[in-house]
Amino acid sequence: MPDLVTHLCSALLPGVGLRLDRAALLALGTALPDLGGRVPGIVLYGLGRIGVPVPDGVGLAFGVLHQPVGVSLLAALLSFTLPERERPIATVALIGGALLHLALDLLQDHRGFGYALLFPFSTARYEIGVIAPEATVPWAPALALLTALVWAVRLWRARRRRVR
Amino acid sequence: MLFSDRSRPVVVPCLVLALGALAWTWATIPTATPAVYACWRAPQTCAGQAHALTLVRVEERLGSDRVRVRSHTSTLRVDLRGFPAEIGQILTLQGTFDADGLFVAQTVRAHPWRPFKWVLGLVGLLGLGGLLPAVFTVMRRPEGVRVVLRRGGERA
């Protein structure tokens with residue numbers, strides 16, 4: 001996976017024209033596949049290393065949250081934490097962010113390992129394989145600074161408009 | 001309708017059930033698990049098979065060319081064929097298992113940025129933490145109080 005900073009920037013940079021809450025949801029969507037599909041596996045692995053008995057396959061089960069169908073269901077579920085009128089747009093923003101995440105991941109070369117994008121309809125794995133898994137990392141600090149700058153300008157302009 | 005408060009008692013349990021069923025199916029059907037996972041558990045059974053080991057960590061040096069690598073699940077013995085790997089380095093390998101369960105690498109790619117990636121992960125989580133208040137404060141505006149102004153400033 002490209003790093004979390006790159007994923008967040010991939011939503012926040014093009015989302016600079018959106019309302020703050022919509023952009024935040026889009027950015028949250030870009031983190032959702034890793035938060036749902038990877039973090040529990042890492043935590044379970046850590047628990048296993050310190051002697052906590054973790055059943056085989058439990059970490060693997062969370063992998064569905066790193067797939068389009070699973071993460072879309074999770075996005076719909078999360079939207080129920082928000083007010084009724086915001087739920088459809090929140091779901092769309094979260095799914096949009098998640099798909100952006102998966103599209104970026106798909107660019108990586110895992111030597112044919114790939115992602116099961118069509119599960120549960122197919123277990124075939126896909127990847128485009130044009131960048132190394134760590135290729136975005138050296139660019140991430142500059143990307144984060146650029147995103148912070150773009151958003152600082154946007155928020156500063158919005159505040160100035162409100163004061164007038 | 002699907003996202004209304006009225007449908008919530010039905011939709012939320014259905015979503016949870018659907019996610020549970022999806023996760024259970026994924027974790028239990030053999031074809032969903034890449035064949036290489038089985039090789040991590042019993043490498044001798046994969047003799048002659050070519051595989052890729054992605055993002056494995058060098059744990060221990062076993063000889064001049066041989067190391068023990070770890071993935072999330074377990075460890076494997078690998079012959080790096082002269083690649084100068086260091087302990088802690090993250091590698092992606094392509095190669096074949098031999099009859100003793102040793103993975104003989106044909107190509108080795110190192111990922112030198114791994115520690116830096118963790119720092120970036122932490123920075124990303126902080127950024128994410130900063131975004132959450134924007135979602136939950138802006139979107140939790142009270143409902144039902146909506147004032148629409150017509151042209152000229154009069155209330156609709």
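**Helix packing and salt bridges in a two-chain model**

Student: B:Asp5 counts as partly exposed, at 37% relative accessibility. In this predicted model, which residue of chain A meets the side chain of B:Asp5 in a salt bridge?

Tutor: The pair crosses between chains, and B:Asp5 lies in the segment before helix H1 (8-28) of chain B. Its partner belongs to helix H6 of chain A. The N to O distance is 2.7 Å, within the 4 Å limit for a salt bridge, and the partner is A:Arg87.

Student: Is A:Arg87 buried or exposed?

Tutor: The cut-off for a buried residue is under 20% relative accessible area. A:Arg87 has a relative accessible area of 2%, and is therefore buried.

Student: Which residue of chain B also forms a salt bridge with B:Asp5?

Tutor: Side chains of opposite charge can pair when their charged atoms come close. In this second pair the closest N and O atoms are 3.8 Å apart. The partner is partly exposed, with a relative accessible area of 33%. The residue is B:Arg8.

Student: How far apart are the closest N and O atoms in the salt bridge of B:Glu60 with B:Arg68?

Tutor: B:Glu60 is partly exposed, at 38% relative accessible area. B:Arg68 is partly exposed as well, at 26%. The closest N and O atoms of the two residues are separated by 3.4 Å.

Student: How many salt bridges are counted over all chains?

Tutor: The total includes the pair A:Arg87 and B:Asp5, and the pair B:Glu60 and B:Arg68. In chain A, a network of salt bridges links A:Arg19, A:Asp21, A:Arg22, A:Arg85 and A:Glu86. Over all chains the count is nine.

Student: How many of the residues of H1(A) are buried?

Tutor: The buried residues of H1(A) include A:Leu4, A:Val5, A:Thr6 and A:His7. A:Leu8, A:Cys9, A:Ser10, A:Ala11 and A:Leu12 are buried too. The helix is largely enclosed by the rest of the structure, because the number of its residues that are buried is nine of the nine.

Student: How are H1(A) and H6(A) oriented to each other?

Tutor: Two packed helices are described by the angle between their axes and the distance between the axes. The axes of H1(A) (residues 4-12) and H6(A) (residues 87-106) come within 10 Å and cross at roughly 125°. That angle lies outside the range of 65 to 115 degrees for roughly perpendicular and is not over 145, the limit for roughly antiparallel. The two helices are therefore oblique.

Student: Which residues of H6(A) make the contact with H1(A)?

Tutor: H1(A) passes H6(A) in a right-handed crossing. The contact residues divide into three nonpolar, three polar and one charged. From H1(A) come A:His7, A:Ser10 and A:Ala11, and these meet A:Leu100, A:His101, A:Leu104 and A:Asp105.

Student: At what angle do H1(A) and helix H7 (residues 140-163) of chain A pack?

Tutor: The crossing of H1(A) and H7(A) is left-handed. A:Val5, A:Thr6, A:Cys9 and A:Leu12 of H1(A) meet A:Ala140, A:Leu143, A:Ala144, A:Thr147 and A:Trp151 of H7(A). These contact residues divide into seven nonpolar, two polar and no charged. The axes lie 9 Å apart, at an angle of about 35°.

Student: What distance separates the C-alpha atoms of A:Val43 and A:Gly59?

Tutor: A:Val43 is placed in helix H3 (residues 39-49) of chain A, and is partly exposed at 46% relative accessible area. A:Gly59 is 16 residues from A:Val43 along the chain, and their C-alpha atoms are separated by 8.8 Å.

Methods: Residues are numbered from 1 along each chain as its sequence is written. Chains are lettered from A and ligands numbered from 1 in the order in which they are written. This is a predicted model: local features need pLDDT of at least 70, side-chain atom pairs count only at pLDDT 80 or more; totals for chains, interfaces and linings use all residues. Side-chain values use heavy atoms; hydrogens and water are left out. Axes are lines fitted to C-alpha atoms, for helices over the stretch in contact, and angles run from 0 to 180 degrees between N-to-C directions. Helices (H or I, at least four residues) and strands (E, at least two) are DSSP runs, numbered from the N terminus. Angles under 35 degrees count as roughly parallel, over 145 as roughly antiparallel, 65 to 115 as roughly perpendicular and the rest as oblique. A crossing is left-handed if the near helix is turned anticlockwise from the far one by less than a right angle, and right-handed if clockwise. Contact means heavy atoms within 4.5 Å. Ala, Val, Leu, Ile, Met, Phe, Trp, Tyr, Cys and Pro count as nonpolar, Asp, Glu, Lys and Arg as charged, and the others, Gly among them, as polar. Buried means under 20% relative accessible area, exposed over 50%, partly exposed in between (1.4 Å probe, protein chains only).
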